[in-house]
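Please open the model in your viewer and keep the sequence panel beside it, since this tour moves from one selection to the next. At each stop, select the residues that are named and compare what you see with the description.

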Amino acid sequence: LSNAGNNADAGIRVGGIGGHINATMMKNCTNYAVVSDQSNSLCGYVGGIAGRTGGSGLTMTNCDNRAAVSGLFNHSTARRELAVGGLIGVNAVANTMADCDNTGNVTQSNTTAGTIEYVGGLVAYSSPKLTVSNCSSNATVSTTRTVYTYVGALFGRIYAKDSSVSSTKVYGTFEETELNADNLALCYGVSSEFKAT
């Protein structure tokens, strides 16, 4: 699944299950298709399950991504916001995720300077409360930017301090670093408000 549109005024949302999902419950969803955004839009939200979530509340159970997710943002238009996540690009709703896994590599390639950028093995960006349990990411997470804003092996940025993450595991590599018990700080974007304990 890919979007290579040229509407520079739009926000593109691309997901293996849905580009923009307003459901209250998702259960037993699996994506096997490669997901990418190669558009020329101002904003790009890309996820193995959903490019962006919305609505009044969401419960995700046993939703998995098995294929590569990428944002190949290499056009001349100045871009405002880019988000690429193994499961969700931008989570804009209170979301409870359980038993959800990503095994698809997550890659962002952006040559536009000054863009706010989020990359995560599970979720690139979440603004409301995010409750995550028994999830995992076994993937290579990478970006070509030498200067980026929020990039993490599991989450690019979790904005809500009342979020929680438990029994969640990470494997693979992050920015060419092999993940292990000694460097789990790499799981969260360096400026995320929430930090797992």
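The tour below begins with the whole chain and then turns to single residues and their surroundings.

**The whole chain**

Begin with everything displayed as a cartoon, and keep in mind throughout that this is a predicted model. How many helices and strands does the protein have? The cartoon should show zero helices and 25 strands. If you colour the 197 residues by burial, 54% of them count as buried. Switch on the surface next: the accessible surface comes to about 8200 Å², and 48% of this area belongs to carbon and sulfur atoms. Among contacts between residues at least 6 apart in sequence, 79% join residues at least 24 apart, and several of the stops below show contacts between residues from separate parts of the chain.

**Strands 8, 13 and 18**

Select strand 8, residues 50-53, together with strand 13, residues 88-91; these two run parallel and are joined by three bridges. Within this pairing, Ala50 has Ile88 of strand 13 as its bridge partner. Now add strand 18, residues 123-126, which runs parallel to strand 13 and is likewise joined to it by three bridges. Which residue of strand 18 is the bridge partner of Asn91? The partner is Ser126, and this residue is the next one to select.

**Ser126**

Show Ser126 as sticks and look at its surroundings. Ser126 counts as buried because its relative accessibility is 0%. Its side chain reaches the backbone oxygen of Pro128 at 3.3 Å. When residues up to four places away in sequence are left out, Ser126 touches Asn91, Arg157, Ile158, Tyr159 and Ala160, and Asn91 is also its bridge partner.

**The nonpolar cores**

Next, select Met26, Met60, Met97 and Phe155, which touch the most other members of the largest nonpolar core, a set of 38 residues. Strand 2 (11-15), strand 9 (58-61), strand 19 (130-133), strand 22 (155-158) and strand 24 (169-174) each supply at least two residues of this core. A second, separate core has nine residues, and Tyr45, Ala83, Tyr118 and Tyr125 are included in it. Return to Met26 and display its contacts: apart from neighbours within four places in sequence, Met26 is in contact with Ile17, Ile21, Ile49, Leu58, Thr59, Met60, Thr61 and Cys63.

**The cysteines**

Cys63, one of the contacts of Met26, makes a convenient next selection. Cys63 is buried, since its relative accessible area is 0%. Why is there no bond between the sulfur of Cys63 and the closest cysteine sulfur? That closest sulfur belongs to Cys29 and lies 4.0 Å away, which is too far for a bond, given that a disulfide requires two cysteine sulfur atoms within 2.5 Å. The structure as a whole holds zero disulfides. Select Cys187 as well, which counts as buried because its relative accessibility is 4%.

**Thr140 and Thr173**

Now show Thr140, in strand 20 (residues 136-143), and Thr173, in strand 24. Their side chains are joined by a polar contact of 3.1 Å. Is each of these residues buried or partly exposed? Thr173 counts as buried because its relative accessibility is 18%, whereas Thr140 is partly exposed, with a relative accessible area of 30%. Setting aside residues up to four places away in sequence, Thr173 touches Ala139, Thr140, Val141, Glu178 and Leu179. With neighbours within four places left out, Thr140 is in contact with Asn105, Val106 and Thr173. If you also select Thr103, which is 37 residues from Thr140 along the chain, the distance between the two C-alpha atoms should read 8.7 Å.

**Two loop residues with positive phi**

Most residues other than glycine have a negative phi, and the last two selections have positive values. Select Asp99 in the loop between strand 14 (95-98) and strand 15 (101-102), where its phi is near 60 degrees. Asp99 counts as partly exposed because its relative accessibility is 31%. Then go to Asn134, in the loop between strand 19 and strand 20, whose phi is near 55 degrees. Asn134 counts as partly exposed too, since its relative accessibility is 44%.

Conventions. Residues are numbered from 1 along each chain as its sequence is written. This is a predicted model: local features need pLDDT of at least 70, side-chain atom pairs count only at pLDDT 80 or more; totals for chains, interfaces and linings use all residues. Side-chain values use heavy atoms; hydrogens and water are left out. Helices (H or I, at least four residues) and strands (E, at least two) are DSSP runs, numbered from the N terminus. Buried means under 20% relative accessible area, exposed over 50%, partly exposed in between (1.4 Å probe, protein chains only). Contact means heavy atoms within 4.5 Å. Accessible areas come from the Shrake-Rupley method with a 1.4 Å probe; for residues, only the protein chains shown count as cover. A polar contact is a pair of N or O atoms within 3.5 Å; within protein, one must be able to donate a hydrogen and the other to accept it, and residues adjacent in sequence count only if both atoms are side-chain atoms. Two strands pair if DSSP finds at least two bridges between them. A nonpolar core is a set of buried Ala, Val, Leu, Ile, Met, Phe, Trp, Tyr and Cys residues joined through side-chain atoms within 4.5 Å.
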